Amino acid sequence: MTNLSTNIQNTWCPGCWNFQILAGVKNYLAKQIKNEKDKENWAMVSGIGCHAKIFDYINLNGINSLHGRVLPTCLGLKVGNPNLNVIGFSGDGDAYAEGMEHLIHMARYNSNIKYFVHNNQVFALTVGEPTPVTEIGFKDKTTPRGTTIAPLNPIKLMLAAGCGFVARVYADVKQVEQVFDEAMKHNGFAFIEILQPCLIFHPDIGLKEKTYNLQEKGHDKTNYFEAMKKAEEFDYNKSEKIPLGIFYQKEKPVFEEQFEQLRKLKSEKKSWKDLKR
Ligand SMILES: Cc1ncc(C[n+]2csc(CCOP(=O)(O)OP(=O)(O)O)c2C)c(N)n1
């Protein structure tokens, strides 16, 4: 057994749903990483925000990147060493505001990166301003009369952008561990949105009791149009039900597999540092 914990003091609020995400991720990693050598096969990247503190609480190599720049950092790691399992963590602000352009293009590029978005519907670390997925009517100090701008639907957006693995889970340790496992079996970019209410600035507005599992209802995850229909069910303002699970999965050409040099590095289990200049 290798130690995936760190001795850094955890500064998330007591009871924060991020603890569930942390536990789910660590549970999965603990099954894959048996010793210090195995750890060399993994790298993690986080953005900036409450979610990003996960970087401090998992004993893995990686980069605590800039706000909104998780995906280009992940891509750099992957291209530098295509043998690495690269996992990224963003908040909804990080992914859908500051990092939006990277998200859309990563869906197109389809690098084999697993990407978790901790969606608490606010910029939490900066004390609760609305993000692109905050519901209409939400009030904070910057929007005392309530937001009026319609939230976007990230699942629909990812489907439209060509993402080959589109999933949503609630911040529940088991759901996170399970979807991580499914995402790792997928060769390509995996987009995983995690509903992670913020206890202080955006508590659960009745979301959890509306959730149901797509796979338990026999959803065909290979059917793009069914996936779009399911994505429509939840729009943050007036949904009766919230689908969770894998909306869509389809293998597509993977970015790093399209370059001879990178294919060679992968088959020889090498990285750029092994190449002669
Ligand atoms: C380029 C840039 N813009 C703004 C900030 C300020 N900032 C730091 S954390 C943060 C909010 C992060 O929100 P989110 O990504 O949703 O993560 P959360 O804190 O909710 O987990 C912001 C706006 C920054 N650090 N860098």
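This is a short tour of the structure, moving from the whole chain to a central strand, then to the ligand and finally to a loop residue.

**The whole protein**

Start with the full chain in cartoon view, keeping in mind that the model is predicted. You should be able to trace 10 helices and 10 strands, and the C-alpha trace spans about 60 × 45 × 35 Å along its principal axes. The radius of gyration is 18 Å, which agrees with the value near 19 Å that a compact globule of 277 residues would have. If you colour by burial, 45% of the 277 residues count as buried. Contacts also reach across the sequence: among those between residues at least 6 apart, 71% join residues at least 24 apart.

**Strand 4**

Next, select residues 113-119, which form strand 4, and show their side chains; 7 of the 7 residues here are buried. Cover is found on both faces of strand 4, with I113, Y115, V117 and N119 on one side and K114, F116 and H118 on the other.

Now add the strands that pair with strand 4. Select residues 85-91 for strand 3, which runs parallel to strand 4 and pairs with it over 6 bridges. Then select residues 190-195 for strand 8, which is also parallel to strand 4 and is joined to it by 6 bridges. Y115 is a useful residue on which to centre the view, since it can be followed to a partner in each of these strands: Y115 is the bridge partner of G88, and Y115 stands opposite F191 in strand 8.

**The ligand**

Show the ligand and select the residues that surround it, which number 19. The closest of them are G49, G91, G93, D94 and A124, and labelling these five gives a frame for the rest. Highlight helix 5 (92-98) and strand 5 (122-123) as well, as each supplies at least two residues of the shell. The largest share, 4 residues, comes from helix 5. Which classes of residue make up the shell around the ligand? Colouring by class gives 6 nonpolar, 10 polar and 3 charged residues.

**F259**

Finally, move to the loop between strand 10 (242-249) and helix 10 (260-267), and select F259. Is F259 buried or exposed? F259 is exposed, because 12 other C-beta atoms lie within 10 Å, and a residue with 12 or fewer counts as exposed. To end, draw a C-alpha to C-alpha distance from F259 to D220: these two residues are 39 apart in sequence and 32 Å apart in space.

How values were computed. Residues numbered from 1 in each chain as written. Predicted model: local features only at pLDDT ≥ 70, side-chain atom pairs only at ≥ 80, totals over all residues. Rg over C-alpha atoms; globule rule 2.2 N^0.38 Å. Buried ≥ 20, exposed ≤ 12 C-beta atoms within 10 Å, placed from the backbone. Contact = placed C-beta atoms within 7 Å. Near = placed C-beta within 6 Å. Nonpolar A, V, L, I, M, F, W, Y, C, P; charged D, E, K, R; others polar. Pairing = 2+ DSSP bridges.
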